[in-house]
Amino acid sequence: MLPTPSTSHASFDNVYEPAEDSFLLLDTLSASSETNFLRERFGQPSSATEGTVDSPQGAPLIVEVGAGSGVVLAFVNAHADVLFGHRHILTLGTDINSFACRATRTTAEKASAEAPDGHGNFLDAVNMDLTAAIRPGTVDVLVFNPPYVPTAELPNLSQHLQYNTYNPVTGNSFEQDSHLLALSYAGGVEGMETTNRLIEQLPEVLHPERGVAYLLLCAQNKPEKVKEHIRGLGAGWLVETVGSSGKQGGWEKLQILRIWRAGSPRAL
Amino acid sequence: MKLLTLNFLTCARRACKSSADAFPLHPRDVELEIVEAEPNPSFLSNILPRLEWPALVTLCAELGLPGLPGEAPEVAELTAGEDGKGGKLAEDLHRLLLETTVKEGALVCGSCGHEYRVKEGIANFLLPSHLV
Ligand SMILES: [Zn+2]
């Protein structure tokens, strides 16, 4: 078992506290079936001692969308050597909540310091909607633990810019923290409104050959329907359930999809 | 935010996604801060293939930082020398990409002119259109 990054510095009044879904992502990404897949796809970095490059593609970029406390991204970064077989990875977090961006940065830096011989290179946490400001085609591995709970409506964003800013005089109001926290779990219709927007961004943001995404779903998201949506993105899109937990009446409560395109450069 | 991060960011507006002018973003009134990081020539050589070199040259010029060669170096240059540390070029790139951070200021899109704020090292790419 690899150590779980500490998030004790985060305020769980306005940032999602690591829970069963976060831990399922950690377990899945560090299971041998996924590390084998990742090492096969992104392994073999260049070696300083030999001065040669085995990997003209360079360091893979790992992006966690909606990183929240940063526990998943910090885990991937801290244990780069185990997950990817080398430390030459770049990691970047995004979140619509600026408090989550701050938490992610601290979580990733602390976890790196505790894994001095194995960590990759954490870049930054950037405040944005999903992947809005990510340069197209650059993401090698995308991870998303979405707001998946079915709700009557999505959080109202009309006051988000105010709620997104810390008020040093009054501190955060209850409404402000409730709004920020709701963004981490409230998914609208079937819990899929935000996830569907992310799925539509995958063809553009993922690297056209190497790109792979890990997406967490709950049973109410109708995972089989989501898989059909992904296969419908175009020819060559593949999707497979690679992790699950919490059987409920024969159904997996949570599951993780791996999404990628056929014809991976190394698999051929 | 590290200057290396800017290699992976562009304007958040949909209309700018296809515009060559939206990358790189242009720093405006920025306060830079050096945050020391452990040098790692082998890591640098793995970052090199990911860099949009002309954009990096532009960024350096706009920040008034020491100039980079106009052409991207060969990977071997970053690990050259008896110690495998690549000498001054590797040192310069390490400082630029991994130690130089934007603490405060703005990043401006060259296509639509939109200005994104950076506060305490965190860039804000939220647009009013995301928020309605
Ligand atoms: Zn723009």
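How many residues do chain A and chain B each bring to their contact? Chain A gives 43 residues and chain B gives 34, where contact means heavy atoms within 4.5 Å. Please keep in mind that this is a predicted model, in which local features need pLDDT of at least 70, side-chain atom pairs count only at pLDDT 80 or more, and totals for chains, interfaces and linings use all residues. Residues are numbered from 1 along each chain as its sequence is written, chains are lettered from A and ligands numbered from 1 in the order in which they are written, and side-chain values use heavy atoms, with hydrogens and water left out.

**The interface of chain A and chain B**

- The size of an interface is often given as the accessible area lost when the parts come together.
- Here the buried area is about 3,400 Å², with 58% of that from carbon and sulfur atoms; buried area is the accessible area (1.4 Å probe) that two parts lose on being put together, summed over both.
- On the chain A side, the residues that lose the most area to chain B are A:H88, A:A133 and A:R135, together 17% of what that side buries.
- Polar contacts link 18 residue pairs between the two chains, both residues being at pLDDT 80 or more; such a contact is a pair of N or O atoms within 3.5 Å, where within protein one must be able to donate a hydrogen and the other to accept it, and residues adjacent in sequence count only if both atoms are side-chain atoms.
- Strand 2 (90-95), helix 5 (98-113), strand 3 (121-127) and helix 6 (160-163) of chain A are the elements that give two or more residues to the side touching chain B; helices (H or I, at least four residues) and strands (E, at least two) are DSSP runs, numbered from the N terminus.
- Strand 3 of chain A supplies the largest share of that side, seven residues.
- By residue type, the side of chain A that touches chain B holds 23 nonpolar, 11 polar and nine charged residues; Ala, Val, Leu, Ile, Met, Phe, Trp, Tyr, Cys and Pro count as nonpolar, Asp, Glu, Lys and Arg as charged, and the others, Gly among them, as polar.

**Salt bridges**

- Over all chains there are 18 salt bridges, each a side-chain nitrogen of Lys or Arg within 4 Å of a carboxyl oxygen of Asp or Glu.
- Four salt bridges cross the interface of chain A and chain B.
- A:R135 pairs with B:E52, the closest N and O atoms being 3.7 Å apart.
- A:D140 pairs with B:R50, and there the closest N and O atoms are 2.6 Å apart.
- This second pair runs from the loop between strand 3 and strand 4 (141-144) of chain A to the loop between helix 2 (41-47) and helix 3 (53-63) of chain B.

**The fold of chain B**

- Chain B has five helices and four strands, in the pattern α-β-α-α-α-α-β-β-β along the sequence.
- Its strands form an open sheet in the order 1-2-3-4 with antiparallel pairing; two strands pair if DSSP finds at least two bridges between them.
- Strand 1 (26-34) and strand 4 (122-123) of chain B are the edge strands.
- Seven bridges join strand 1 and strand 2 (residues 100-108) of chain B, and B:L32 has B:V102 as its bridge partner.

**Backbone details**

- A cis peptide bond joins B:F23 and B:P24, with omega about -5°.
- B:P24 sits in the loop between helix 1 (3-6) and strand 1 of chain B.
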